[in-house]
Amino acid sequence: MDSNAIRKLLKLQEADMRLKDMETRLETLPKEMNNIIARRDKIAANTAEAVTVVKKIKLRIKQDEDLIAELESSSEKLRQQSAMVKKNNEYQAMLNAIELNKQKISEAEERILAADEELTEAKRSGAKIKFANDAEIKNLRTEFEELFSFSKVVKEEIAKLQAARPELVRDIPPALLSPYESLRNNKEGAAPLTTAPNETCGHCRLKITAQTAVALKRGEIAYCDNCQYLLYDPESLC
Ligand SMILES: [Zn+2]
């Protein structure tokens, strides 16, 4: 095993780790984009809620206005009828009913006055909410578009790395490539080729044997006696 093989394997490993990073990044993008959509929907619902508040107040005002009209027409009828009533107690009952209508009208008018103030406030606050939410939605749209272009860049880089890989693999001896590939494809996903600073495996952190240390000093690639990851001595590259 010469230092050239180590260099080539390191080059392949660097490209593979980059490829893995890019693939992981690409996998997280849809989730991030969906989060943005969910945030946008929540903000849009908040704006709609403010509009609903205004609508509800307007509806209450309309209901009271209708009630007043109804009571006024009822009182008008009673006035006309009272002119034709002969019995005093009936006449009195009509006057009482008109008086009651008057009270109800005045109550409704007070509610309308209060609701008018509420309406002004709700409109002001609704406009404020809409302004802030519209700005936030604009930001989210930009964020979404950025992620979308980023996903294109990532896909392009992945394609590039994949296309360049056969060339990087070609010159690596099969005896080295095979353990490298099985380590690369395991669940852990750590770099298969690592160093052993202070005679300690860079992957599992356990002490390597004296025999392995000697092999590394000779510029060979050796297996960690514990985790079987590939080890090399960076000084052998100098
Ligand atoms: Zn190890």
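**Exercise 1. In which helix does Leu26 lie, and is Leu26 buried or exposed, or partly exposed?**

Solution. Residues are numbered from 1 along each chain as its sequence is written. The model is predicted, with local features needing pLDDT of at least 70 and side-chain atom pairs counting only at pLDDT 80 or more, whereas totals for chains, interfaces and linings use all residues.

Step 1: Leu26 lies in helix α1, where helices (H or I, at least four residues) and strands (E, at least two) are DSSP runs numbered from the N terminus.

Step 2: a residue is buried if 20 or more other C-beta atoms, placed from the backbone, lie within 10 Å of its own, exposed if 12 or fewer, and partly exposed in between. Leu26 has 15 other C-beta atoms within 10 Å and is therefore partly exposed.

Step 3: setting aside neighbours within four places in sequence, Leu26 is in contact with Ser151, Val154, Lys155 and Ile158, contact meaning that C-beta atoms placed from the backbone lie within 7 Å. Of Leu26 and Val154 it can be added that they are 128 residues apart in sequence and 6.8 Å apart in space, C-alpha to C-alpha.

**Exercise 2. Describe the span, bend and buried residues of helix α2.**

Solution. Step 1: α2 (residues 88–170) has 83 residues and reaches 117 Å from its first C-alpha to its last, close to the 123 Å expected at 1.5 Å a residue; the expected span is 1.5 Å times one less than the number of residues.

Step 2: at Ala164 the helix α2 bends by about 35°, and Pro166 follows within four residues. The bend is the angle between axes fitted to the seven residues ending at a residue and the seven starting there.

Step 3: the buried residues of α2 are Ala108, Ala115 and Ala122, and what covers them includes α1.

**Exercise 3. Which value does phi take at Asn198, and where is Asn198 placed? Treat Gln228 likewise.**

Solution. Step 1: most residues other than glycine have a negative phi.

Step 2: Asn198, which is not a glycine, has a positive phi near 55°; its place is in the loop between β1 (193–195) and α4 (210–217), and with 6 other C-beta atoms within 10 Å it is exposed.

Step 3: Gln228, also not a glycine, has a positive phi of about 70° and is found in the loop between β2 (222–223) and β3. Because Gln228 has 15 C-beta neighbours inside 10 Å, it counts as partly exposed.

Conventions
Contact = placed C-beta atoms within 7 Å.
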